[in-house]
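This note is meant for a colleague who is meeting the structure for the first time. Its points proceed from the whole chain to single residues.

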Amino acid sequence: QGAKDYIQKRELPRLVLAVERELHEAEMHRAHERADEALKISESRYRRLFETAQDGILILDADTGQITDVNPYLTEMLGYSQEEFLGKKLWEIGSFKDIPAAKLAFAELQTQGYVRYEDLPLVTSSGQRIAVEFVSNVYLVDRKQVIQCNIRNVTVRKEAEKEIRKLNVELEQRVQDRTARLEALNKDLEAF
């Protein structure tokens, strides 16, 4: 029926110790249940963030470079299925494939613990080139090192920056042209 102990009539002095032990074990059990519940909530929050993030996220085994998880945003951004990512090494995936720098970056990441690229060109499964910011860091999970890669599509931003540079050049040219015309008009006015 769930009894853990019994006390015979002649052992009544043991009663207080047995009750205290059972109360302590019950509190430990409740604390363990609270910790389990907090862990489930934390995992649920992490999973929700991972799956809804508006950046691509890869989780790699830090020793082998094998991809252990990929979020839906990255599969959509690059056009590869989750199955095409999982179990492969980063440099075996189409977008990163055959890039010697990917292996070098992985080695640097293993030793430095952090790598960042501001403007890394990637190619989607359909052949479209996109510019991404690529940030990776190493951290411990259950006493095992993992790598998290955050990949942000910055193509629109890069195109906007290019357009701004173009407009600035045009604006500078307009200012120079108008300045030259104004100087010519001033000379004509002085001559008059």
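How many helices and how many strands are there in the chain?

1. Secondary structure. The model under review is a predicted one. Its chain holds five helices and five strands. Followed along the sequence, these elements are arranged in the pattern α-β-β-α-α-α-β-β-β-α.

2. Overall dimensions. The C-alpha trace spans about 130 × 45 × 30 Å along its principal axes. The radius of gyration of the chain is 32 Å, whereas a compact globule of 192 residues would have a value near 16 Å. The reader should keep these dimensions in mind when viewing the model as a whole.

3. Burial, surface and contacts. Of the 192 residues in the chain, 25% are buried. The exposed area comes to about 14200 Å², and carbon and sulfur atoms supply 55% of that area. Among contacts with a separation of 6 or more, 35% are made by residues 24 or more positions apart.

4. Charges. The chain carries 29 positive and 34 negative charges. The mean positions of these two sets are 3 Å apart.

5. The largest nonpolar core. In soluble globular proteins, nonpolar side chains tend to be buried together. Here the largest nonpolar core has 24 residues, of which Leu 58, Leu 74, Leu 78, Phe 85 and Ile 151 touch the most other members. Two or more residues each are given to this core by strands β1 (56–61), β2 (67–70), β3 (114–123), β4 (129–141) and β5 (144–153), and by helices α2 (72–78) and α4 (100–112).

6. The second core. A separate core of five residues is also present, and its members include Phe 50, Ala 53, Ile 59 and Val 146.

7. Asn 71. Is this residue, Asn 71, buried or exposed? Asn 71 is placed in the loop between β2 and α2. Its relative accessible area is 0%, so Asn 71 counts as buried. Apart from neighbours within four places in sequence, Asn 71 is in contact with Phe 50, Ala 53, Asp 55, Gly 56 and Ile 57. Phe 50 and Ala 53 are also among the members of the second core. The C-alpha atom of Asn 71 is separated by 6.8 Å from that of Leu 58, a residue 13 positions away along the chain.

8. Asp 61. A second polar position deserves attention. Asp 61 belongs to strand β1. With a relative accessible area of 14%, Asp 61 is buried, because buried means under 20%. Beyond neighbours within four places in sequence, its contacts are Gln 66, Thr 68, Phe 106, Lys 144 and Gln 145.

9. The loop between β4 and β5. Most residues other than glycine have a negative phi. Asp 142, which is not a glycine, nevertheless has a positive phi of about 50 degrees. Arg 143 likewise has a positive phi, near 60 degrees, and is a residue other than glycine. Asp 142 is located in the loop between β4 and β5, and Arg 143 lies in the loop between β4 and β5 as well. Asp 142 is exposed, at 73% relative accessibility. Arg 143 is exposed too, with a relative accessible area of 82%.

10. Points to revisit in the viewer. The reader may wish to set buried Asn 71, at 0%, beside exposed Arg 143, at 82%. The elements that supply the largest core, among them β1 and α2, can then be traced in turn.

Conventions:
Residues numbered from 1 in each chain as written. Predicted model: local features only at pLDDT ≥ 70, side-chain atom pairs only at ≥ 80, totals over all residues. Heavy atoms only, no water. Helix = DSSP H or I, 4+ residues; strand = E, 2+ residues; numbered from the N terminus. Rg over C-alpha atoms; globule rule 2.2 N^0.38 Å. Buried < 20%, exposed > 50% of the residue type's maximum accessible area, 1.4 Å probe, protein only. Contact = heavy atoms within 4.5 Å. Areas by Shrake-Rupley, 256 points an atom, 1.4 Å probe, with all protein chains shown as cover. Lys, Arg positive; Asp, Glu negative; His and termini not counted. Charge placed at Lys NZ, Arg CZ, Asp CG, Glu CD. Core = buried A, V, L, I, M, F, W, Y, C linked by side-chain atoms within 4.5 Å.
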